[in-house]
Amino acid sequence: MIRPLAPAELPAAAALAAAAFREDPGFSYIFPDDAARRARLPALLRALLRIDRAAGGVVSGAFDGDALVGVSSLLPAGVAEPGLARWLGAVALSPVLFADPAALLRGAEVARAIGPLRPASSAYLHLMAVHPACQGRGVGAALLREALKDGPLYLETFAPENRAWYASRGLKETAQVQGGLRPPFWTFRT
């Protein structure tokens, strides 16, 4: 079952996403040290999910019985990217993120690279994660199908292994975006 998450469920969703993204090249760039990534990634993802909800996005959870096994955050077409002020407000609620100012700068660099590429006419799948123990069971495909119900869709991935997965589900790779020290990422659209 997939349903929108209540605000009280966002910490569990962020923890799940942090487990799924622990080795993701984009998040590994933001938090290069594994111990720091384990400590700070859940807080960053909690902030992201809160910001998306506040901007009009839908944060959904995929459940196997009562267990949360996947999460997605979808911003409808036409919803603007949250500005710096909104991010600073969310980060201020999470002091653990201030412990590494360099990570904040790397995160801002990633956001600056991604933001201008998003087409306003498409919904934006900002985040989709499946708990590592549940991957390969169709949870991600179900979350993607749910997101596709909103019409044209845009997303990006830093994980090269995701490229074939998205392509096999009908998304078209539209760009590979290189970046100096930042790892490359790939954009997809329906």
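## Briefing: cores, helices and selected residues

In helix H1, the buried residues are Leu10, Ala13, Ala14, Leu16, Ala17 and Ala18. They pack against H3, E2, E3 and E4. The model is predicted. The protein has 8 helices and 7 strands. Its radius of gyration is 15 Å, close to the 16 Å from the globule rule for 190 residues, so the protein is as compact as a globular protein of that length.

**Overall dimensions and surface**

- Along the principal axes, the C-alpha atoms fill a box of roughly 40 × 40 × 30 Å.
- Buried residues make up 47% of the 190 in the protein.
- Take the contacts between residues at least 6 apart in sequence: 69% of them join residues at least 24 apart.
- The exposed area is about 8900 Å². Carbon and sulfur atoms supply 60% of that area.
- Charged side chains number 20 positive and 16 negative. The centres of the two sets lie 2 Å apart.

**The largest nonpolar core**

- This core holds 35 residues. Those touching the most other members are Leu5, Phe21, Leu41, Leu45, Leu49, Val71 and Leu127.
- At least two residues each come from helix H1 (10-20), helix H2 (25-30), helix H3 (34-54), E2, E3, helix H6 (101-114) and E4.
- Which element gives the most to this core? H1 does, with 6 residues.
- A further core, of 18 residues, lies apart from the largest one. Among its members are Val130, Val139, Leu143 and Leu144.
- Leu127 of the largest core contacts Ala17, Phe21, Leu45, Leu48, Leu49, Val71, Ser72 and Ser73, leaving aside neighbours within four places in sequence. One of these, Ala17, is among the buried residues of H1.

**Helix H7 and its cover**

- Helix H7 spans residues 139-148. Its buried residues are Val139, Gly140, Ala141, Leu143, Leu144 and Ala147.
- Val139, Leu143 and Leu144 also belong to the core of 18 residues.
- An α-helix has 3.6 residues a turn, so residues three or four places apart point the same way.
- What covers the buried residues of H7? The cover includes strands E1 (2-4), E2 (58-64), E3 (67-75), E4 (123-130) and E5 (153-157). Helix H8 (162-167) is also part of the cover.

**Ser72: a buried polar position in E3**

- Ser72 sits in strand E3.
- Is Ser72 buried or exposed? Ser72 is buried, because its relative accessible area of 6% falls under the 20% cut-off.
- Beyond residues up to four places away in sequence, Ser72 touches Val58, Val59, Ser60, Leu125, Leu127, Met128 and Leu143.
- Leu127, a member of the largest core, is one of these partners. Another is Leu143, which belongs to the core of 18 residues.
- Ser72 and Glu146 are 74 residues apart in sequence. Their C-alpha atoms are 9.5 Å apart in space.

**Asp150: the loop after H7**

- Asp150 lies in the loop between H7 and E5.
- At 47% relative accessibility, Asp150 is partly exposed.
- Leaving aside neighbours within four places in sequence, Asp150 is in contact with Leu74 and Ala123.
- Which distance separates Asp150 and Pro76? From C-alpha to C-alpha it is 7.4 Å, with their places 74 residues apart in sequence.

**Strand E6: Lys172 and Glu173**

- Strand E6 covers residues 172-177. Lys172 and Glu173 are both found in E6.
- Lys172 counts as exposed, because its relative accessibility of 53% is over the 50% cut-off.
- Glu173 is partly exposed, with a relative accessible area of 36%.
- Lys172 contacts Thr187, Phe188, Arg189 and Thr190, setting aside neighbours within four places in sequence.
- On that basis, Glu173 contacts Arg163, Trp186, Thr187 and Phe188. Thr187 and Phe188 thus appear in the lists of both Lys172 and Glu173.
- Glu173 and Thr190 are 17 residues apart along the chain, and their C-alpha atoms are separated by 9.0 Å.
- Lys172 and Cys134 are 38 residues apart along the chain, and their C-alpha atoms are separated by 26 Å.

Key:
Residues numbered from 1 in each chain as written. Predicted model: local features only at pLDDT ≥ 70, side-chain atom pairs only at ≥ 80, totals over all residues. Heavy atoms only, no water. Helix = DSSP H or I, 4+ residues; strand = E, 2+ residues; numbered from the N terminus. Rg over C-alpha atoms; globule rule 2.2 N^0.38 Å. Buried < 20%, exposed > 50% of the residue type's maximum accessible area, 1.4 Å probe, protein only. Contact = heavy atoms within 4.5 Å. Areas by Shrake-Rupley, 256 points an atom, 1.4 Å probe, with all protein chains shown as cover. Lys, Arg positive; Asp, Glu negative; His and termini not counted. Charge placed at Lys NZ, Arg CZ, Asp CG, Glu CD. Core = buried A, V, L, I, M, F, W, Y, C linked by side-chain atoms within 4.5 Å.
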